[in-house]
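Here's a quick briefing to read with the model open beside you. Keep the viewer handy and click along as you go.

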Amino acid sequence: MMAAISTRGPGILNSAAKCNHLRFYFQWMQRFSKPVSCGFCRRVRYSSTSSHEKLQFSYCQGISSKPFIGETIGQRLDKTVEKFPDREAYVCCEDNKRATFAEFQGEVDRLAAGLLAMGFKKGDRVGIWGPNMREWVITQFATAKAGLILVNINPAYQTPEVEYALKKVGCKAIIMADSFKTQDYYNMLTHIVHELPQSKPGNLFNNRVPDLKLVVMACKDHQRTFSGTMSFQELMESGGTEERRKLVELQNELQCDDPINIQFTSGTTGNPKGAILSHHSILNNSYYVGEVLEYENQYSRICIPVPLYHCFGMVLGSLMSATYGTTSVYPSRGFDAGAVLTAIQQEKCNSLYGTPTMFIDVLNHPALEKFDVSSLRTGIMAGSPCPIEVMKQIITKLHMPQVTICYGLTETSPVTTQTLMDDPIDLRVSTIGRVHPNNEVKIVDSDDRVVPVNSAGEICFRGYNVMLGYWDDKEKTDACIDPSGWFHSGDLATMDENGYIKVIGRIKDLIIRGGENIYPTEVEQFLYTHPKIQDVQVIGVPDPRLGEEVCAWIKLHAGETATPEEIKEFCKGQISHFKIPRYIKFADEFPLTVTGKVKKFVMRERTKEELNL
């Protein structure tokens, strides 16, 4: 569907790519306005009441009575500020920071003007590296208003991973925290950019990341100095009258189909891929998720412990404030169950987001009964399947009878299916709901043919929220988005006659550990660099709290010996902590098929038996 995404020239997509994108967009709209002619195709109303006409084949289309938002994120924010100037936009509990929408708009406009004053132009990439903090949210909206592309960098990334991300998409600036948990971001960056301490802010040059010119520090420790950088406050103060005038003009020039965000998602090759998302895709995804949660009908304060660098936190969380005028409440920089409960009680939150692991930790907090959580009514759980007993406790102990389940991918902005607030509990734990408004879903066999209902196949999606492509990677873009505009997820699923979908496996052997996606090949490729390792296979094994844990089967070179502790120590500081294998098994050989392919399903079963999992 997409032409190559190129870093050359001012444009992101060439004219042919734009034409193709618009052609498929109009095809999608035609599908939404009239029934599809295929005999097996049926449109499923996005309602808890099943269609009178049962599905026979695994295809359906989500219907909405509401049109798309045809605005940019900046335009939407400004309209929301006009409606609710004195309502709180965000509350950062750990840092004791809060702002009304009018105050937030001022912060966003000052930072956007500062970026323009530093010479940044439409389409330039700006990295954001840090935990949930006020500066992250301001940067998210400021880059959107300035026409820049925000590049989300996982706060758990180690030095090699950060270098890859900055270089892959050609970031011209990075806005980052000074530290988070055990990581010293400034020190890590100087290992990539040795010239930073001696550089003048804005005039950085380094051969390893040649596009990077500016480093901006969002400091929690205001006593510390960072040579070669500009402070976040200095950047906010650097714009003048001319930049403010230019920013106002930009709001009429920017288009809702412009690329606005790059989010990295791991791939089977081991290298992260940069999924390009537009104003239109993420703003409308937020809009339709909020419609299900009834944010339009009642003012909501959303407790957001999920990370902002991920689509979950950024699109369903912070962006929701611009979409519906909700208040975003961030309990802490990193997840902490006690901080979540404190925030719910003090800020009277109505909605709570989290992965099943997060909800389990909140439910198991020793002081849970001492907190008043009666203000809660709804929320979102996503990331991995939820056990039914956990769902029952969420509804009763956390006072969330209307909690919903979402399923999606970074490449789909992210949500594609969602349960409804009045769906029965068994459907909210056994399925991922039904297709979202203005989306199509189908389940296909290996020949790309739609399968009958209740038959397993690969789940595919088509709609406004499918990414524009992977940054500068036409081959991988074409591999997952076919000529008809369908995004192939790589997940195995079934669809019943009412359109409810169950995910039953992962074609690509994705491991989901506490909501974090881990691709085995990425970990395997790193472990291959250990001098003692001859071969390695990484699998996911069950874990009662995290859903899955990482297990590595390792074959050593002849005559070598090693311990699990030695392998884990080798990983520390080189790959993200959540990717480090918890279980390590040394083996002389791996179970193979007759054609020599590794049988990972056999390895999983053997590991489960040996570890009594």
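What follows goes from the whole chain down to a sheet, its helices and a few individual residues.

Bear in mind that this is a predicted model. The protein has 18 helices and 30 strands, and 61% of its 613 residues are buried. Of the contacts between residues at least 6 apart in sequence, 70% link residues at least 24 apart.

**The eight-stranded sheet**

- Eight strands make up an open sheet with mixed pairing, and going across it you meet β11-β10-β7-β5-β6-β12-β13-β23.
- The edges are β11 (230–231) and β23 (469–470); each has a single partner strand, so one side of each has no neighbour in the sheet.
- At the β11 edge, β10 (residues 214–218) and β11 run parallel and share two bridges, with M217 sitting opposite S231 of β11.
- At the β23 edge, β13 and β23 are antiparallel and joined by two bridges; here A275 faces Y470 in β23.

**A closer look at β13**

- β13 also pairs with β12, in the antiparallel sense, over six bridges; one match to look for is I262 with its bridge partner I276 in β13.
- This strand is mostly covered, with six of its six residues buried.
- K273, A275 and L277 point one way while G274, I276 and S278 point the other, and all of them are buried.

**Helices packed on the sheet**

- Helix α4 (residues 134–146) packs on the sheet and touches β5 (125–129), β6 (149–153), β7 (173–177), β10 and β12 (259–265).
- The direction of α4 makes about 150 degrees with that of β6.
- Helix α10 (residues 311–324) lies across β6, β12 and β13 (273–278), at about 145 degrees to β12.

**Where α4 meets α10**

- The axes of α4 and α10 come within 11 Å and cross at roughly 70 degrees, which means α4 is roughly perpendicular to α10.
- From α4, the contact uses W136, V137, Q140 and F141, and from α10 it uses M314, S318, L319, S321 and A322.
- What kinds of residues make up the contact of α4 with α10? Six are nonpolar, three are polar and none is charged.

**Helix α6, tucked in**

- Six of the eight residues of α6 (residues 185–192) are buried, so this helix is largely enclosed by the rest of the structure.
- The buried ones are Y185, Y186, M188, L189, T190 and I192.
- The cover over those buried residues includes β5, α5 (159–169), β7, β8 (179–180), β9 (183–184) and β10.
- D184 caps the N-terminal end of α6, with a side-chain oxygen 3.3 Å from the backbone nitrogen of Y186.

**One serine to click on: S281**

- Find S281 in helix α9 (residues 279–292).
- Is S281 buried or exposed? S281 has a relative accessible area of 1%, and the cut-off for buried is under 20%, so S281 counts as buried.
- Its side chain makes a polar contact with the side chain of S413, at 3.3 Å.
- Setting aside neighbours within four places in sequence, S281 is in contact with S413, Y464 and N465.

Methods. Residues are numbered from 1 along each chain as its sequence is written. This is a predicted model: local features need pLDDT of at least 70, side-chain atom pairs count only at pLDDT 80 or more; totals for chains, interfaces and linings use all residues. Side-chain values use heavy atoms; hydrogens and water are left out. Two strands pair if DSSP finds at least two bridges between them. Helices (H or I, at least four residues) and strands (E, at least two) are DSSP runs, numbered from the N terminus. Contact means heavy atoms within 4.5 Å. Axes are lines fitted to C-alpha atoms, for helices over the stretch in contact, and angles run from 0 to 180 degrees between N-to-C directions. Buried means under 20% relative accessible area, exposed over 50%, partly exposed in between (1.4 Å probe, protein chains only). A polar contact is a pair of N or O atoms within 3.5 Å; within protein, one must be able to donate a hydrogen and the other to accept it, and residues adjacent in sequence count only if both atoms are side-chain atoms. Angles under 35 degrees count as roughly parallel, over 145 as roughly antiparallel, 65 to 115 as roughly perpendicular and the rest as oblique. Ala, Val, Leu, Ile, Met, Phe, Trp, Tyr, Cys and Pro count as nonpolar, Asp, Glu, Lys and Arg as charged, and the others, Gly among them, as polar.
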